[in-house]
Amino acid sequence: MLILTRKIGQSLVIRGNIKVFLRGVKEDRVKLGFQAPKNVSILREELVDTTTPRKSRGSMAKEEDQPLGNKNPELPGWLMLARKIRQVVIIDGNIQIMFLGSEMGRVKLGIAAPPDIEILRSELL
């Protein structure tokens, strides 16, 4: 698992086309913003049924699943999700982002992904 620390307003880029932004933090909750192509599924872990085999990369997320996050009218095309400590967001079925905690204005995120998936801090692009 890759551990990254981010401040509010900072982001990271996964696979070159998925952006994850830290939008806010309050006590034991973090608000994450996602910007990704429409064929990329982004789900809260509790919505993924692990007993059902996955058919294809985009088959996990249906259009009706996406509004479970907050679609912010100020940021069209974005999905906003709030997570508590140890809660996970799953991207495309094989990338997991977990909120590990916060300290002094910084948020610690754990990212589990296959080794061939590129994960960069946005300031390195």
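Is R15 buried, exposed or partly exposed, and what is its relative accessibility? In this predicted model, R15 has a relative accessibility of 26% and therefore counts as partly exposed, given that the partly exposed class lies between the 20% and 50% limits. The residue is located in the loop that joins β2 (11-14) to β3 (18-26).

The backbone of R15 is also of note. Most residues other than glycine have a negative phi. The phi of R15, in contrast, is positive, near 60°, although R15 is not a glycine. A positive phi, of about 55°, is likewise found at D92, again a residue other than glycine. D92 belongs to the loop between β7 (88-91) and β8 (95-103). With a relative accessibility of 7%, D92 counts as buried, because the buried class covers values under 20%.

These two loop residues are joined through their side chains. D92 and R15 form a salt bridge in which the closest N and O atoms are 2.9 Å apart. The pair connects distant parts of the chain, since D92 sits in the loop between β7 and β8 and R15 in the loop between β2 and β3, with their positions 77 residues apart in numbering. The bridge thus pairs a buried D92, at 7%, with a partly exposed R15, at 26%.

The model contains 5 salt bridges in total. Another of them is formed by the side chains of E46 and R83, with an N to O distance of 2.9 Å. This pair, too, links distant parts of the chain: E46 lies in the loop between β5 (42-44) and β6 (78-84), whereas R83 lies in strand β6, and the two are 37 residues apart. E46 is partly exposed, its relative accessible area being 47%. R83 has a relative accessibility of 3% and is therefore classed as buried.

A further salt bridge brings together the side chains of E123 and R121, at 3.1 Å from N to O. E123 has a relative accessible area of 43% and is partly exposed. R121 also falls in the partly exposed class, with a relative accessibility of 33%. Both residues take part in a network of salt bridges that includes R6 as well, so that R6, R121 and E123 are linked.

How values were computed: Residues are numbered from 1 along each chain as its sequence is written. This is a predicted model: local features need pLDDT of at least 70, side-chain atom pairs count only at pLDDT 80 or more; totals for chains, interfaces and linings use all residues. Side-chain values use heavy atoms; hydrogens and water are left out. Helices (H or I, at least four residues) and strands (E, at least two) are DSSP runs, numbered from the N terminus. Buried means under 20% relative accessible area, exposed over 50%, partly exposed in between (1.4 Å probe, protein chains only). A salt bridge is a side-chain nitrogen of Lys or Arg within 4 Å of a carboxyl oxygen of Asp or Glu.
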